[in-house]
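Let's take a walk through the inside of this protein together. We will look at its cavities, its cysteines and its nonpolar cores.

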Amino acid sequence: MKTHILKITDPARDAHAVALAGDLIAQGKIVAIPTETVYGLATNALNGEAVGRIFIAKGRPQDNPLIVHITELAELYTLSPEVPESALRLAQAFWPGPLTMVVKKNAAVPYETTAGLETVAVRCPSHPVARAIIKAAGVPVAAPSANLSGKPSTTDVQHVIKDMYGRIDAIVDGGPSSIGLESTVIDLTCTPPRLLRPGGITLEQLTQVLGEVAVDPAVSGEPDLSAPVRSPGMKYRHYAPDAQVLIVRGTREHAADYINHQARTCGKRAAVLCFDEEAALYPDLECVSYGPEKDYGALARNLFSALRRLDSGDIDMIFARCPEGGGLSLAVENRLKKAAGFQTISV
């Protein structure tokens, strides 16, 4: 398959490319588009056959539901027979933005999009290029992350080209993602609402609007593999490079002693993913730092790019340092735990 590359910097100035991308999506073709979270593989969410091609392109498990992207709150009513009052409050606070809400689906949404569930996950992105393309398509757009299934998500067009060139119809270059992690997902079909995946909208922000919010055990622990997947990123190993990842917790000095010793003795080609302040502690290791320890926004923005830099055939083992705290650090921790298959050691 020939994949077209479309550069869209300004939707008004690049109106022809916007229209072309929108038309391809409306036809049921697959177009990688930028969003503020990560790049997504977009197609007509109401076309089950088209959605099925996304699963093929990604190598995605068929029971992993997709998120539907819209541009206005009014469009949510075309996808769900019951829009709860909590959804209106969240939309007023956080849309457009990196928040996905799970609500009951109506008959217009095919089961291919929801992975057989009676619920649909919906968000309204803020990225101007994504919004322009969705409007041009004239249909709700299903758009999971534009990476091969299980691999680190794509936050730059070069990542998308590496994973998806020749697999999809077009790739839109809209610059790097500003948030760098997938959207927060909250299930509004249960009481209290349940956080299924942390992201750019934090648990603290959600509770300010909704009051009580439950946190699904899969956010911080190994998922129940027998349970239905209610949200992307809950069940399967995700965000992972080819190398084994081990999260190392502890003080800066204790972690460095452990990692440097293990790298010398483990018999594997090792590297380290660490905070900026720690890079000098690993002079003999391939070391990629992904931001200051307490700058959770930077860590989120840089995490997937850093994992991709380490995703090399020369590396067998990645020792990773993970932030701890509130706010956005929960989302960074969630992605690293998934990448590591929940393998963590405290030193």
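In this predicted model, the count of cavities of 30 Å³ or more comes to 3. The second largest has a volume of about 50 Å³. What lines it? There are 10 lining residues, and Pro65, Leu66, Thr119, Val120 and Ala121 lie nearest the centre of this second largest cavity. By character, the lining divides into 6 nonpolar, 3 polar and 1 charged residue. Helix α4 (111-114) and strand β6 (119-123) each supply at least two residues of that lining, and β6 gives the most, with 3 residues.

Now for the cysteines. How many disulfides does the structure hold? The number is 0. Cys287 shows how this can come about: its closest cysteine sulfur, in Cys274, is 3.4 Å away, and a disulfide needs the two sulfurs within 2.5 Å, so the pair is too far apart for a bond. The surroundings of individual cysteines and of one alanine can be set side by side:

| Residue | Relative accessible area | Class |
|---|---|---|
| Cys124 | 3% | buried |
| Cys287 | 24% | partly exposed |
| Ala300 | 0% | buried |

The cut-off behind these classes is simple: Cys124, at 3%, counts as buried because its value is under 20%. Cys287, at 24%, is partly exposed because its value falls between 20% and 50%.

Next come the nonpolar cores. In soluble globular proteins, nonpolar side chains tend to be buried together. Here the largest nonpolar core has 42 residues, and those with the most contacts inside it are Leu90, Trp95, Leu99, Met101, Ile186 and Leu206. At least two residues of this core come from each of α2 (48-58), α3 (85-94), β5 (99-104), β6, α6 (157-164) and α7 (203-210). Apart from it lies another core, of 29 residues, which includes Ala271, Ala306, Leu310 and Ala331.

Which residues does Met101 contact beyond its neighbours within four places in sequence? They are Ala87, Leu90, Ala91, Trp95, Val120, Ala121, Val122, Ile186 and Leu188. Two of these, Val120 and Ala121, are also among the residues nearest the centre of the second largest cavity.

Finally, have a look at Ala300, which lies in helix α9 (residues 296-310). Leaving out residues up to four places away in sequence, Ala300 touches Ile179, Gly180, Leu181, Leu328 and Val332. Leu181 is 119 residues from Ala300 along the chain, yet their C-alpha atoms are separated by 6.0 Å.

Key
Residues numbered from 1 in each chain as written. Predicted model: local features only at pLDDT ≥ 70, side-chain atom pairs only at ≥ 80, totals over all residues. Heavy atoms only, no water. 1 Å grid on protein atoms, 1.4 Å probe; cavity = no way out; pocket = protein on both sides within 12 Å on 5 of 7 lines; lining within 4 Å. Points joined across faces, edges and corners; volume = space filled by probe spheres on them. Helix = DSSP H or I, 4+ residues; strand = E, 2+ residues; numbered from the N terminus. Nonpolar A, V, L, I, M, F, W, Y, C, P; charged D, E, K, R; others polar. Buried < 20%, exposed > 50% of the residue type's maximum accessible area, 1.4 Å probe, protein only. Core = buried A, V, L, I, M, F, W, Y, C linked by side-chain atoms within 4.5 Å. Contact = heavy atoms within 4.5 Å.
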